Amino acid sequence: MPEAVSETSHVRSPKELTEEDKILVRETWKEAAKPEVQAGQKLFQKIFQISPDAMSYFSNPDMESDEFKAHITRVMSTLDTAIQNLDDLAELAPTLERLGTIHATMGIKKEQLAVVKEALLSTLAQELKDAFTEKCRNAWALTFDILAEAMAAGMVSS
Ligand code: HEM
């Protein structure tokens with residue numbers, strides 16, 4: 001039975017992943033995210049290259065330190081959970097919002113999420129080479145935008 005909904009509600013939102021997008025992201029994540037710690041180190045090397053300031057948020061920004069590797073593992077496992085739940089990313093929104101709030105409490109700004117996005121796309125391009133097609137890049141960009149939007153919603157500026 002049709003519900004009384006706004007006229008735009010059945011239009012595909014530009015923030016919606018297609019089935020093809022989901023397949024591309026899942027398949028390429030399997031390739032690019034292993035071994036997990038090394039893949040995360042490459043991502044953070046890129047983040048620090050783009051934004052050396054990002055280092056200042058960590059008590060120990062040494063890539064090889066246990067503390068830093070622990071954050072890498074947290075980032076990778078958050079991404080992994082998201083990629084396993086691409087069919088239902090909205091369910092993760094409250095968790096991602098809380099994560100945004102935790103980061104904002106440490107002084108991390110929404111702009112850092114744009115740096116993470118740039119670094120992620122660049123790391124994926126480097127790792128996946130020819131497999132990182134235009135379609136694949138767009139699918140990843142959209143996936144990250146959805147995650148970042150949820151995190152940003154929790155980053156209330158003080
Ligand atoms: C999408 C990207 C990111 C994800 C998924 C992520 C994930 C996480 C998670 C799950 C935690 C633990 C939160 C808790 O205490 O429950 C955390 C903590 C933290 N994050 Fe992130 N993070 C991201 C990006 C960043 C960036 C770009 C920075 C720095 C500029 C950063 C700095 C920190 C710091 C300093 C902590 C607390 C100490 C630590 O756990 O090492 N994070 N992050």
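Let me open with contacts. In the protein chain, take the contacts between residues at least 6 apart in sequence: 78% of them join residues at least 24 apart. Keep in mind that this is a predicted model.

Now the overall layout. The protein chain has six helices and zero strands. Along the sequence, the pattern reads α-α-α-α-α-α. The chain has 158 residues, and 21% of them are buried.

Let's go to helix 6. It covers residues 134–153, which makes 20 residues. From first C-alpha to last, helix 6 reaches 28 Å. That is close to the 28 Å expected at 1.5 Å a residue.

Which residues of helix 6 are buried? Here is the list: Cys136, Ala139, Trp140, Thr143, Phe144, Leu147, Ala150, Met151 and Ala152. And what covers them? The cover over the buried residues of helix 6 includes helix 1, at 19–32, along with helix 3, helix 4 and helix 5.

Take helix 1 from that group. How do helix 1 and helix 6 meet? Their axes come within 9 Å and cross at roughly 90 degrees. An angle from 65 to 115 degrees counts as roughly perpendicular. Helix 1 and helix 6 are therefore roughly perpendicular to each other. On the helix 1 side, the contact is made by Asp21, Leu24, Val25 and Thr28. On the helix 6 side, it is made by Lys135, Cys136, Ala139, Trp140, Leu142 and Thr143. By class, the residues of this contact divide into six nonpolar, two polar and two charged. Among the helix 6 residues here, Cys136, Ala139, Trp140 and Thr143 were also on the buried list.

Next, the ligand. How many residues surround the ligand? There are 17, and the closest are Ala54, His71, Arg74, Val75 and Thr78. Where does the shell come from? Helix 3, at 66–84, helix 4, at 89–105, and helix 5, at 111–128, each supply at least two residues. Helix 3 gives the most, with six residues. By class, the shell around the ligand has 11 nonpolar, four polar and two charged residues. Helix 3, helix 4 and helix 5 came up a moment ago, too: they are among the elements covering the buried residues of helix 6.

Now the loops. I have three stops.

First stop, Pro35. This residue lies in the loop between helix 1 and helix 2, and helix 2 runs 36–50. A cis peptide bond joins Lys34 and Pro35, with omega at about -15 degrees. For background, most peptide bonds are trans.

Second stop, Lys129, in the loop between helix 5 and helix 6. Its phi is near 50 degrees, a positive value in a residue other than glycine. Again for background, most residues other than glycine have a negative phi. Is Lys129 buried or exposed? The cut-off for exposed is 12 or fewer other C-beta atoms within 10 Å. Lys129 has 8, so Lys129 is exposed.

Third stop, Lys110, in the loop between helix 4 and helix 5. Lys110 has 16 other C-beta atoms within 10 Å, so Lys110 is partly exposed. What does Lys110 touch? Leaving out residues up to four places away in sequence, Lys110 touches Ala152 and Met155. Lys110 and Ala152 are 42 residues apart in sequence. In space, they are 5.9 Å apart, C-alpha to C-alpha. And Ala152 takes us back to helix 6, where Ala152 is one of the buried residues.

Terms used:
Residues are numbered from 1 along each chain as its sequence is written. This is a predicted model: local features need pLDDT of at least 70, side-chain atom pairs count only at pLDDT 80 or more; totals for chains, interfaces and linings use all residues. A residue is near a molecule or strand if its C-beta atom, placed from the backbone, lies within 6 Å of it. Helices (H or I, at least four residues) and strands (E, at least two) are DSSP runs, numbered from the N terminus. Ala, Val, Leu, Ile, Met, Phe, Trp, Tyr, Cys and Pro count as nonpolar, Asp, Glu, Lys and Arg as charged, and the others, Gly among them, as polar. A residue is buried if 20 or more other C-beta atoms lie within 10 Å of its own, exposed if 12 or fewer, and partly exposed in between; C-beta atoms are placed from the backbone. Two residues are in contact if their C-beta atoms, placed from the backbone, lie within 7 Å. The expected span of a helix is 1.5 Å times one less than its number of residues. Axes are lines fitted to C-alpha atoms, for helices over the stretch in contact, and angles run from 0 to 180 degrees between N-to-C directions. Angles under 35 degrees count as roughly parallel, over 145 as roughly antiparallel, 65 to 115 as roughly perpendicular and the rest as oblique.
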